[in-house]
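Notebook open, coffee poured. I want to go through the strands, the core, the pocket and a few odd backbone spots, and jot down what I find.

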Amino acid sequence: LYLEILPRSFTPGNTIALQVGEGKLGDLWMIAVTELDGVPTFIPVLRGTMRISGGWETTVDTTGLPPGGTMGVTAYAIVNGKLRVSAVEHLDY
């Protein structure tokens, strides 16, 4: 499972692109914030099912996010009945 977020450094109010991949059509997935400024946390922010391409992608407007922080984001998915976890993507804002 992978999670890709671009750009990894942004100004609040910009749009970022998120992509989850390496699943099958219908697999459940979730994206969660798992770290804020080095403090472990768990805040689910997006969820859904994989599309026919075996992945999912969208863009997110970051308006309202306070400037000057770091966020760790992780993807989770159920693939073939097993939980898969992506590496943590770190974002600077």
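Before counting anything, I fix my term: two strands pair if DSSP finds at least two bridges between them. A reminder to myself as well: this is a predicted model.

**Entry 1: strand pairing**

I started with S3 and S4. Eight bridges join S3 to S4, and the two run antiparallel. For one register point I took Trp 29, whose bridge partner in S4 is Gly 48.

Then I looked up how S3 pairs with S6. I get seven bridges there, antiparallel again. Trp 29 turns up here too, opposite Ala 77 in S6. From Ala 77 I could step on to S7, since Ala 77 stands opposite Arg 84 in that strand. S6 and S7 are antiparallel and joined by four bridges.

Next I walked along another set of strands. S1 and S2 run antiparallel with five bridges between them, and S2 and S5 do so with six. Which residue in S2 stands opposite Glu 4? I found Gln 19. Gln 19 in turn stands opposite Glu 57 in S5, so I can read a row from Glu 4 through Gln 19 to Glu 57.

**Entry 2: the hairpin turns**

I checked phi in the turns. S3 and S4 form a hairpin with two residues between them. Asp 37 sits in that turn with a positive phi of about 50°, although Asp 37 is not a glycine. Is Asp 37 buried or exposed? I have its relative accessibility at 52%, and Asp 37 counts as exposed because the cut-off is over 50%.

The hairpin of S6 and S7 also has two residues between the strands, and there Asn 80 takes a positive phi near 55°. Asn 80 is not a glycine either. At 58% relative accessibility, I log Asn 80 as exposed.

**Entry 3: a cis peptide and a glycine**

I scanned omega and noted the bond from Leu 6 to Pro 7: it is cis, with omega near -10°. Pro 7 lies in the loop between S1 and S2.

Then I went to Gly 69, in the loop between S5 and S6. Gly 69 has a relative accessible area of 6%, so I file it as buried, the limit being under 20%. What does Gly 69 touch, leaving aside its neighbours within four places in sequence? My list reads Asp 37, Leu 91, Asp 92 and Tyr 93. I took a C-alpha distance for the Asp 37 contact: 5.9 Å, with the two residues 32 apart along the chain. That links Gly 69 to the exposed turn residue from Entry 2.

**Entry 4: the nonpolar core**

I pulled up the largest nonpolar core, which has 19 residues. Leu 3, Ile 5, Val 20, Trp 29, Ile 31, Val 73 and Leu 91 touch the most other members. The elements giving two or more residues to this core are S1, S2, S3 and S6. Which of them gives the largest share? I got S6, with five residues.

I picked Val 73 for a closer look. Skipping its neighbours within four places in sequence, I find Val 73 in contact with Leu 3, Ile 5, Ile 31, Ala 32, Val 33, Thr 34, Ala 87, Val 88, Glu 89 and Leu 91. Leu 3, Ile 5, Ile 31 and Leu 91 are on both that contact list and my list of core members with the most touches.

**Entry 5: the largest pocket**

Last job was the empty space. The largest pocket comes out at about 290 Å³. I get 18 lining residues, with Ile 16, Val 33, Val 45, Val 60 and Met 71 nearest the centre. Val 33 I had already written down as a contact of Val 73.

Which elements supply at least two residues of the lining? I noted S2, S3, S4, S5 and S6. S3 has the largest share, three residues. How does the lining split by class? My tally is 14 nonpolar, three polar and one charged.

Terms used. Residues are numbered from 1 along each chain as its sequence is written. This is a predicted model: local features need pLDDT of at least 70, side-chain atom pairs count only at pLDDT 80 or more; totals for chains, interfaces and linings use all residues. Side-chain values use heavy atoms; hydrogens and water are left out. A nonpolar core is a set of buried Ala, Val, Leu, Ile, Met, Phe, Trp, Tyr and Cys residues joined through side-chain atoms within 4.5 Å. Buried means under 20% relative accessible area, exposed over 50%, partly exposed in between (1.4 Å probe, protein chains only). Contact means heavy atoms within 4.5 Å. On a 1 Å grid over the protein atoms alone, a cavity is a set of points where a 1.4 Å probe fits but cannot get out, and a pocket is an open set with protein on both sides within 12 Å along at least five of seven lines; lining residues have an atom within 4 Å of a point. Grid points are joined across faces, edges and corners, and a volume is the space filled by probe spheres set on the points. Ala, Val, Leu, Ile, Met, Phe, Trp, Tyr, Cys and Pro count as nonpolar, Asp, Glu, Lys and Arg as charged, and the others, Gly among them, as polar.
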